[in-house]
Every structure is written in C-alpha cells, then in structure tokens.
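Trainee: Can we go through this one together? I would like to start with the rings and then look at the strands.

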Amino acid sequence: MNAGESVRSVDQAQALASVITLVRQRFPAAKANLTPWRDDPQTRQWSEQDSLDLSFHFPGWSPRLQCRSLLIQLRFCGESAEVQPSLLGVLMRGMTYDGERWRLATVGEWLPEGPHLPQPDQVIQLQMICRDLFELFSGSTAADEAA
C-alpha cells in the first residue's frame, strides 16, 4: 500500500518521516516518493494492508547501485491501527524503467539477488538501512508499550 495513503496517526507520520530520514542519511541525493503505485483497479487488487511502500529516486543512473530507484516495502504484523505495528521484514528492489534489476529481502543472508547487483559497499549500506529500520520500529513499539 502506498505509504502516503496509509498514514492514519501522528505516530505513523513520524515513523514514516524517520524511514525517509534513514534512507536519506545513506543516500542523500535520493528523492522520496510516498506513492510509488498507480491508483487503478489492477493495482488495488494487489494492495496489502499490512505493507508500507515507498520509493526513492536518484537524479539519474546510479552505477554503484545499478538502478535509478529503490522501491522499499515494509511488512508489518498488523495488530491495531492505534498501536505502532512491529516490522516483520523489508524488501528492497533496485528498479529502472525496464523493471527490477535486483532485490534484497531480510530473510536468510540479506544479500541481493538479480541480474545486475549493486557494488559490495552499497550492499552494506542497504543492509544497514534494513537494520536501522528494524531498530526504529522495535524502538517505537517499546516506547509505546512503556507509555
């Protein structure tokens, strides 16, 4: 589900802003897009309520990442709209106008797969973003429970 359409509270808006900040710390030139999916019947058919999707576009081709855009899909354990959900996993995709070039999922070894892989130093940056995302959402949940 488009991140821009799924925010229902101030806490969720703050969490979304934190996600953008985390990615922009590693890739400062990236521009956030909170609505990466088209709003048409075919796309709505595949909409997932427990997912938060956003993308980041680079100002041209990124040879080190082997893509023009990053699509990030955050999967949550949907418990309640009032409580910050816990993060189950992250799926990142390196995209071009031709489609997906690689994908990195937070299962197994957290390594990218695909025909055009990012450089090793960039893989480390992507993995660090994933770790930071897990910390961000585990910290939010713990803070909410303590309050």
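**Rings and strands**

Mentor: Searching the whole structure gives 3 aromatic pairs. Rings of Phe, Tyr and Trp (its six-membered ring) pair if their centres lie within 6.5 Å; planes under 30 degrees apart count as stacked, over 60 as edge-to-face and the rest as tilted. This is a predicted model: local features need pLDDT of at least 70, side-chain atom pairs count only at pLDDT 80 or more, and totals for chains, interfaces and linings use all residues. Residues are numbered from 1 along each chain as its sequence is written, and side-chain values use heavy atoms, leaving out hydrogens and water.

Trainee: How do Phe27 and Phe58 pair?

Mentor: They are edge-to-face, 5.9 Å centre to centre with 85 degrees between the planes. Phe27 is in the loop between α2 and β1, and Phe58 is in strand β2, 31 residues apart. Helices (H or I, at least four residues) and strands (E, at least two) are DSSP runs, numbered from the N terminus.

Trainee: Are Phe27 and Phe58 buried or exposed?

Mentor: Both are buried, meaning under 20% relative accessible area (exposed is over 50%, partly exposed in between, with a 1.4 Å probe and protein chains only).

Trainee: Now the sheet. What is the strand order?

Mentor: The sheet is open, with 5 strands in the order β1-β2-β3-β4-β5 and antiparallel pairing. Strands pair if DSSP finds at least two bridges between them.

Trainee: Which strands stand at the edges?

Mentor: β1 (31–33) and β5 (99–105) do; each has a single partner strand, so one side of each has no neighbour in the sheet.

Trainee: How many bridges join β1 to β2?

Mentor: There are 3, and Lys31 has His57 in β2 as its bridge partner.
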